[in-house]
Amino acid sequence: AKQEQPNQERAPADDFNQSFYWNASPVISWKNLSSKDDNTYRSSQITALSNTNYGINLLYGMHFEERLDIYSQYLIESVSFVEDQTINLLKKKTLASRLAFGIVLDKKWNVELAMNEQFFLTSPSYGSVDIKKVIIPELKGSYSKDFYHYKQAALIYTLGASAFLPRTSPDITAKFGYGAGGALEAKLRNQSFKIGFEENFLKATSNSTNVQNIYWKYIWEML
């Protein structure tokens, strides 16, 4: 936020502009699903790759004081999995989303609660493989720090970890899961380029899934 001048009171309109902000970014990502599926037919290890996935990320935040921000964030992307006859997986295209609410302290510490759509590979029968999309609650914490700063340019790294909470859905009964990841961001004024990697270990009844995701974002911010 902008600094106040001594003995100068801001008008309400100026105060509003300095207290609320939003940013948007296109997202490109690649996903890899590796699943161990145990059912009445067989126990198998299945791996599937996604094509290039396209999405958009929107964030709206409120800056209360020098140390604290709260925000809401929404990500939606089109995910397309590669057709693979060797595992009897037909090409599947779907939309996946993530809705999060979080707080940022000192522009470094971040905690958020999200509803996150994740994918499970299953073998409902011996001759076929299916992909189930399940909404799972996620609690995520991260730490960000500038390791290079010059005038209005900065290089920032982020390290984070997630806990996925149990949830029962019509398709999958998800158990406790966890994940970790990191990102590197180059920022200039109100624009930035971010590349990141995350890996999540998800569990469900008779099924466990390892999800690897590489993504990049081009972010522009309106203060």
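**Exercise 1. Which strand is Glu 199 found in, and what surrounds it?**

Let's work through this predicted model together.

*Step 1.* Begin with the location: Glu 199 belongs to strand β12.

*Step 2.* Next, look for a charged partner. Glu 199 is buried but has no salt bridge. The nearest side chain of opposite charge is Lys 203, at 12 Å. A salt bridge needs the nitrogen and oxygen within 4 Å.

*Step 3.* Now look for a polar partner. The side chain of Gln 212 makes a polar contact with the side chain of Glu 199, at 3.2 Å.

*Step 4.* Finish with the surroundings. Setting aside neighbours within four places in sequence, Glu 199 touches Tyr 178, Gly 179, Ala 180, Asn 210, Val 211 and Gln 212.

**Exercise 2. Describe the overall make-up of the protein.**

*Step 1.* Count the elements: there are one helix and 13 strands. Along the sequence, the order is α-β-β-β-β-β-β-β-β-β-β-β-β-β.

*Step 2.* Check burial: the protein has 223 residues, and 40% of them count as buried.

*Step 3.* Turn to the surface. The protein exposes about 13,000 Å², with 60% of that supplied by carbon and sulfur atoms.

*Step 4.* Consider how the chain meets itself. Take the contacts between residues at least 6 apart in sequence: 53% of them join residues at least 24 apart.

**Exercise 3. Find salt bridges that involve strand β7, and say how exposed their partners are.**

*Step 1.* Here is the idea to keep in mind: side chains of opposite charge can pair when their charged atoms come close. In this model the count comes to seven salt bridges.

*Step 2.* Try Asp 130 and Lys 92. They form a salt bridge, with their closest N and O atoms 3.8 Å apart. Asp 130 lies in strand β7 and Lys 92 in strand β5 (residues 92-105), so this pair links distant parts of the chain, 38 residues apart. Asp 130 is partly exposed because its relative accessibility is 25%, and Lys 92 is partly exposed at 31%.

*Step 3.* Move on to Arg 98 and Glu 138, whose side chains meet in a salt bridge at 3.1 Å, N to O. Arg 98 sits in strand β5 and Glu 138 in strand β7, with their positions 40 residues apart in the chain. Arg 98 counts as buried because its relative accessible area is 14%. Glu 138 is buried too, at 3%.

*Step 4.* Add Glu 117 and Lys 133, a salt bridge with its closest N and O atoms 3.9 Å apart. This pair joins strand β6 (residues 109-125), home of Glu 117, to strand β7, home of Lys 133, and the two are 16 residues apart. Glu 117 is buried at 17%, whereas Lys 133 is partly exposed at 33%.

*Step 5.* Finally, look for shared partners: Lys 92, Asp 130 and Lys 132 are joined into one network by salt bridges.

**Exercise 4. Which residues form the nonpolar patch on the surface, and where does Ile 214 fit in?**

*Step 1.* List the members: Trp 30, Phe 147, Tyr 148, Tyr 150, Leu 155, Leu 184, Phe 193, Ile 195, Phe 197 and Ile 214. Together they have about 960 Å² of accessible area.

*Step 2.* Map the patch onto the strands. Two elements, β7 (128-150) and β12 (191-204), each give two or more residues to the patch.

*Step 3.* Place Ile 214: this residue is found in strand β13 (residues 207-222). Ile 214 counts as partly exposed because its relative accessibility is 40%.

Notes: Residues numbered from 1 in each chain as written. Predicted model: local features only at pLDDT ≥ 70, side-chain atom pairs only at ≥ 80, totals over all residues. Heavy atoms only, no water. Patch = residues over 30% accessible without salt bridge, like charges linked within 9 Å, V, L, I, M, F, W, Y side chains within 5 Å. Areas by Shrake-Rupley, 256 points an atom, 1.4 Å probe, with all protein chains shown as cover. Helix = DSSP H or I, 4+ residues; strand = E, 2+ residues; numbered from the N terminus. Buried < 20%, exposed > 50% of the residue type's maximum accessible area, 1.4 Å probe, protein only. Contact = heavy atoms within 4.5 Å. Lys, Arg positive; Asp, Glu negative; His and termini not counted. Polar contact = N/O pair within 3.5 Å; in protein donor to acceptor, adjacent residues only side chain to side chain.
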